[in-house]
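Hi everyone, thanks for coming. Please pull up the chain on your screens, and I'll walk you through it.

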Amino acid sequence: MDHPGWVGGTNFMLRVAVVGGGITGLATAYFLEQSVSDIAIDLFDADSRLGGKILTDTSQNLVIEGGPDSFLAAKPAMVDLCEELGLAPRLIGVNPQAHGSYIFWQGQFYPIPEGMQTGVPARAKPLLTSPLLSPTGKLALLRDLVARKSPAGDQSLGNFLRRRFGNQLVDRLAGPMLSGIYAGDIDRLSLKATFPHLLDAEQRAGSVYLGFRRSRPSAKNAPRRHRSAFLTLDHGLEEMVTVMADRLTHTHVLLSTTVDRIAPAGKYWVVAAKGQDSVYDAVFVTTPAYATANLLTFLPADALDLLRRIPYASLAVIGAAYVPEDIRIPTNRTGFLVPSAAGLRMTAVTWVSSKWSYPDVLSLCVLRAFYGRAGENILGDSDEALLATFRKEIAATMRIHKPPQYLRIFRIPRAMPQYTVGHLERLERFHRFLAAYPRLFVLGAFEGGVGMPDRVLQARQAVQAFCGQSAAGSADQQNSSANH
Ligand SMILES: Cc1cc2nc3c(=O)[nH]c(=O)nc-3n(C[C@H](O)[C@H](O)[C@H](O)COP(=O)(O)OP(=O)(O)OC[C@H]3O[C@@H](n4cnc5c(N)ncnc54)[C@H](O)[C@@H]3O)c2cc1C
């Protein structure tokens, strides 16, 4: 067996493998280098590029994101990392004049009422005066003030919201707003694993609305480094990948290198890739759950089954850019969401050039259309079929009939893990299997949140846990040598 990561040759050098070079794996390698002085890391990725889901096309003097386009400023892990990487001056917020977005419903654009927080009202008046809900739909909102608190145990987000606010709010507003984040079916997503603060508000105040209102002052007083709730980088998010990779000085990046197997070998770990076994002191696995299950085959079948049963939604993102004269509707917000009952296959459209002021780009109207409803096999469509659907739907919604100047389909198979009802309990069971294996860290977007700040936070915490284990290990060693 070979030690590819062994660069210094001292007995104290730690050799670590990081499997997966998306943001979780990259951040893990970065934090490891920051925290451990004598370390040699091998970072494996099956793909020919780093970044995983993060992919920016800047080839046509435009900034078109194929995956994520921004991150939440309120979760500081990403902002902190950008600042550490010297990227703070490159952070930009959503254009203030493009505040909010629309819902496309029954052939019309309705502004999302002010004061909607994660799909539910934190203010009553804007929702009660919105034409998006009928009087019956508005009356149903009152249920939140009288409905019983949820019993213990998990339930679907849809079930919780339907019981408290009625079907109209869920189908026309909350559903499109919340299911977009996970590309999932609101009636299957776990309340506890996705938006536990809704449950928390209900449990505290007996009503989500009242719970939100009571917690508002603390949110207002929270320190904010940035004005916008969402931030991005002025040349696209892939720049972060490039900058982070450039900062890695003790990491050997192995691209186009699929890891086939990870197995314990005494107090070491063996990683097999391209027919070669390499030995490490620790391994951080950051691949999607289904890939991780194929790597950790030394675990009992029950443990692997817990990973394999995590469903993933496939997505297609279509980026398009038009000359401004071809756009006949005001694109004065960040875009629009499309409820599933609206009868279109698109789930949302972002008006990129309204949302972000990327510098030095062509002055075209850029948009991204999202495809892949829960339960739909969108990638079964050929490119021609997808584009035909896109053309038809972009004409029906935005009345665009002219061909675009730029057009690209990003196909993302098994893009988004689905945190379905019981997800947290299943993960807890999985971790019980892992407890017997120190120095094996299983990370990834199937746990702890799909957002980039969640990914970075998980990486940081795993590295802290690793350093804690290493410190405890060397203290034990010193004690045992002192005792001899
Ligand atoms: C269309 C879309 C839009 C999104 N929008 C946002 C957004 O606006 N804001 C936000 O915060 N988040 C967003 N997300 C979520 C976020 O982008 C992802 O959760 C995050 O990028 C996942 O990072 P990761 O490193 O955990 O996984 P990945 O990016 O999936 O990386 C895993 C890596 O593992 C590699 N790999 C797999 N198997 C193997 C193997 N056997 N051996 C070696 N390597 C392997 C893969 O090649 C890949 O590079 C979006 C996601 C998608 C798909």
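I'll go through the domains, the ligand, the sheets and then one helix pair.

A word on ground rules: this is a predicted model, so local features need pLDDT of at least 70 and side-chain atom pairs count only at pLDDT 80 or more, while totals for chains, interfaces and linings use all residues. Residues are numbered from 1 along each chain as its sequence is written.

Let's start with the domains, whose bounds come from an automatic or database domain assignment. That assignment gives domain 1 (14-52 + 235-310 + 420-483), domain 2 (112-221) and domain 3 (312-416). The C-alpha centres of domain 1 and domain 3 lie 35 Å apart.

Now, where does the ligand lie? Both domain 1 and domain 3 give residues to the shell around the ligand, so it lies between them. Of the 36 residues around the ligand, the nearest are Gly20, Gly22, Gly52, Pro68 and Gly451; a residue is near if its C-beta atom, placed from the backbone, lies within 6 Å. At least two shell residues come from each of helix H1 (23-35), strand E17 (312-322), strand E21 (406-417) and helix H17 (452-483). Those labels are DSSP runs, numbered from the N terminus: helices are H or I with at least four residues, strands are E with at least two. By class, the shell has 18 nonpolar, 13 polar and 5 charged residues. Here Ala, Val, Leu, Ile, Met, Phe, Trp, Tyr, Cys and Pro count as nonpolar, Asp, Glu, Lys and Arg as charged, and the others, Gly among them, as polar.

On to the sheets. Two strands pair if DSSP finds at least two bridges between them. One open sheet has 7 strands, ordered E8-E7-E18-E19-E20-E17-E21, with mixed pairing. Its edge strands are E8 (108-111) and E21, each pairing on one side only. From one strand to the next, the twist averages 25°. Inside this sheet, E17 pairs with E20 (residues 365-371) in the antiparallel sense over 7 bridges, and Tyr322 has Cys365 of E20 as its bridge partner. Helix H15 (residues 383-398) packs on the sheet, touching E7, E17, E19, E20 and E21, and its direction makes about 115° with that of E20. Contact means C-beta atoms, placed from the backbone, within 7 Å, and angles run from 0 to 180 degrees between N-to-C directions, with axes fitted to C-alpha atoms, for helices over the stretch in contact.

There is also an open sheet of 3 strands, antiparallel, in the order E5-E11-E6. In it, 2 bridges join E5 to E11 (residues 230-233), and Leu72 stands opposite Phe230 in E11.

Last stop, the helix pair. The axes of H13 (residues 301-308) and H16 (residues 423-434) come within 9 Å and cross at roughly 145°. Ala303, Leu306 and Leu307 of H13 meet Arg426, Arg429, Phe430 and Phe433 of H16. That contact has 5 nonpolar, no polar and 2 charged residues.

Thanks, and I'm happy to take questions.

How values were computed:
Contact = placed C-beta atoms within 7 Å.
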